[in-house]
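Got your viewer open? Let's walk through this one stop at a time, selecting as we go.

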Amino acid sequence: EVKKSLNFIEQIIEEDLKENYSREQLKFRFPPEPNGYLHIGHAKSICLNFGLGEKYGAPVNLRFDDTNPIKEEQEFVDSIKEDVLWLGFKWDKECYASDYFQQLYDWAVQMIRDGYAYVDSQPSAVMAEQKGTPTQPGVNSPFRSRTIEENLDLFEKMKNGETEEGVHVLRAKIDMASKNMLMRDPVMYRSLHKKHHRTGNNWMIYPLYDWAHGQSDFTEQVSHSLCTLEFVMHRELYNWFLKVIDTKDQLNPKQTEFARLNLSYTVMSKRKLAELVNKNIVSSWDDPRMPTISGLRRRGYTPASIRKFAETIGVAKRDNVIDVSLLEFCIREDLNKIAPRVMGVLDPVKLVITNYQEEKEEWLETENNPEDESAGTREIPFSKELYIEREDFKEEANRKFFRLSLGKEVRLKSAYIIKGEKVVKDENGEIIEIHCTYDSQSKSGSGTEESLRKVKGTLHWVSVKHAVEAEIRLYDRLFNVESPDTDKEKSYMEFINPDSLQIVRGYVEPGLKAAGVSEKFQFQRIGYFNVDKDTTEDKLVFNRTVALRDSWGK
Ligand code: ATP
Ligand code: MG
Ligand code: MG
């Protein structure tokens, strides 16, 4: 057995187990803000935190970081829970930062009493001015020396909504000359006269991230609080807040940062994804072109493929961009194992077998999945008129064209060998029918000498009179460039690929009429497809998850 080397976070945990914590104390959390749908970057964080939980047998909380009533909604809470469960993880406790509002408030009051916090009443622009620069110390606010009584009184009024919105803030009293700008008396609370989706109008002040996050970790007794690299500078403040509140010998959580996932050809912040939805660039958060977990699910990704992707990229200490083709590789690999093979023609042209009996039909046996013997076989109908793919025929072709042309032979998958004879064109010169003859002794699997004859190409097909029409949605990358949101002059909105969705009307074999939403198939020679939720009794809709081969850039 090969022992996997530990990633740097596991190494930290192993060290901590030797010195600081017992195994029973290990606890993790995934802390989304319910202000949008989760994306593949969150999936990485979910796999990391819940993966550590599985590895160490430790609980993992799902904590909604719901401290901003302006952008948060129940719809997002519900979708987040659905996505985590779909990925195959179970949280220990479902927690809400808003459940800690009273505790946070009590701690803040204590900090005022202890001289660690004060109410500032200056306009935000003035406070920003006073912050100084990284090379220049800031200036103390004139309100920094407010009396404890005055601070307590104002803070309570703020909480009750008795002061005007936006006039006062509560700030931590730390050091206006700190080298770390975040330590220059950061704001802990702002007054906001807004209704919260869970606490209603109980609170007219709301805590800011730095104040709420570490204290929530502490309240839940999380041992390792993992976050992305942009929080490195916040760690000093995280620890300072834990130091000034009375932690009564309880465990102090430890913040550790890892590189966020960036994926090529897409954007990944909820704000930007929300803009794509609101400006109707995509149809919804779960549009199959979106890098959201719900979009990937609808596109046809499986939980296993996303977990495999997260495992493959691992955790890094430096930011980087992962090529989306790695994600596509992971789903191709999974679907290759599990997706039944079927026949579907996306750009049909009619093929007539002139020497095949008019009314005859045959049901031919074909394998469901050559990668999985247990998947068995099924029967598909064959008749005189078939659809084949338009690009699988050329009137005249060179020796490298292993498909059908006049005078040449190919095999029809699981059926017979045919030979191109003639074409019928409309008045514009477009081919409307291809006429061919078949070798009646060449049936696949019949064991005859003719059936064993080697021909260069094999085509997929669907019998015209049995075919089921389907709407097939073909997706391409949503953006034309690798890093749409790193250009200094142009917004990512300027790099939208106008051809990211193509809808075609194709034909599939009749068995697919019964396919249910989210069923996955390989259309032979084309790619992997997922039954879309827009499917109804009279209309089948498929999403192409990914093509069979990576054809990009070729
Ligand atoms: P966004 O900017 O996309 O809205 P966020 O970090 O504000 O992301 P949160 O809901 O606050 O979103 O994040 C929940 C957790 O997911 C956090 O621990 C965060 O670090 C992690 N996370 C978010 N985006 C990524 C990413 N691209 N890669 C890895 N982890 C991420
Ligand atoms: Mg956020
Ligand atoms: Mg963010």
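Start by selecting residues 303-313, helix H11, and then residues 324-338, helix H12. In this predicted model, the two helices pack with their axes 9 Å apart, at an angle of about 135°. That angle makes H11 oblique to H12. An angle has to be over 145 degrees to count as roughly antiparallel, so the pair misses that label. Turn the view until one helix lies in front of the other: H11 passes H12 in a right-handed crossing.

Now show the side chains where they touch. On the H11 side, pick Ala304, Ser305, Lys308, Phe309 and Thr312. Their partners in H12 are Leu326, Leu327, Cys330, Ile331 and Asp334. Try colouring this contact by residue class: you should get six nonpolar residues, two polar and two charged.

Next stop: another helix pair. Select residues 101-113 for H4 and 148-160 for H6. At what angle do their axes cross? It's roughly 160°, and the axes come within 9 Å of each other. H4 and H6 are therefore roughly antiparallel. The crossing of H4 and H6 is right-handed.

Zoom in on the contact itself. H4 brings Tyr105, Val109, Ile112 and Arg113, while H6 brings Ile148, Asn151, Leu152, Phe155 and Lys159. Sorted by class, the residues of this contact come out as six nonpolar, one polar and two charged.

Time to look at ligand 1. Select the ligand and the 15 residues around it. Which of them come nearest? Look for Pro32, Gly41, Ser45, Arg260 and Lys270. If you colour this shell by class, you'll find an even split: five nonpolar, five polar and five charged residues.

Where do those residues come from? Highlight helix H2 (40-56) and strand S8 (224-228), since each of these supplies at least two residues of the shell. H2 gives the largest share, with four residues.

Last, zoom out and select residues 26-336. UniProt, in an unreviewed entry, places a feature there called "domain: Glutamyl/glutaminyl-tRNA synthetase class Ib catalytic". Switch to a cartoon view of this stretch: the chain here is 40% helix and 14% strand. To finish, draw a distance between the C-alpha atoms at the two ends of the stretch, and you should get 38 Å.

Key
Residues are numbered from 1 along each chain as its sequence is written. Chains are lettered from A and ligands numbered from 1 in the order in which they are written. This is a predicted model: local features need pLDDT of at least 70, side-chain atom pairs count only at pLDDT 80 or more; totals for chains, interfaces and linings use all residues. Axes are lines fitted to C-alpha atoms, for helices over the stretch in contact, and angles run from 0 to 180 degrees between N-to-C directions. Angles under 35 degrees count as roughly parallel, over 145 as roughly antiparallel, 65 to 115 as roughly perpendicular and the rest as oblique. A crossing is left-handed if the near helix is turned anticlockwise from the far one by less than a right angle, and right-handed if clockwise. Two residues are in contact if their C-beta atoms, placed from the backbone, lie within 7 Å. Ala, Val, Leu, Ile, Met, Phe, Trp, Tyr, Cys and Pro count as nonpolar, Asp, Glu, Lys and Arg as charged, and the others, Gly among them, as polar. UniProt positions are given in the numbering used here, feature names are shortened, and annotations may be inferred rather than shown by experiment. A residue is near a molecule or strand if its C-beta atom, placed from the backbone, lies within 6 Å of it.
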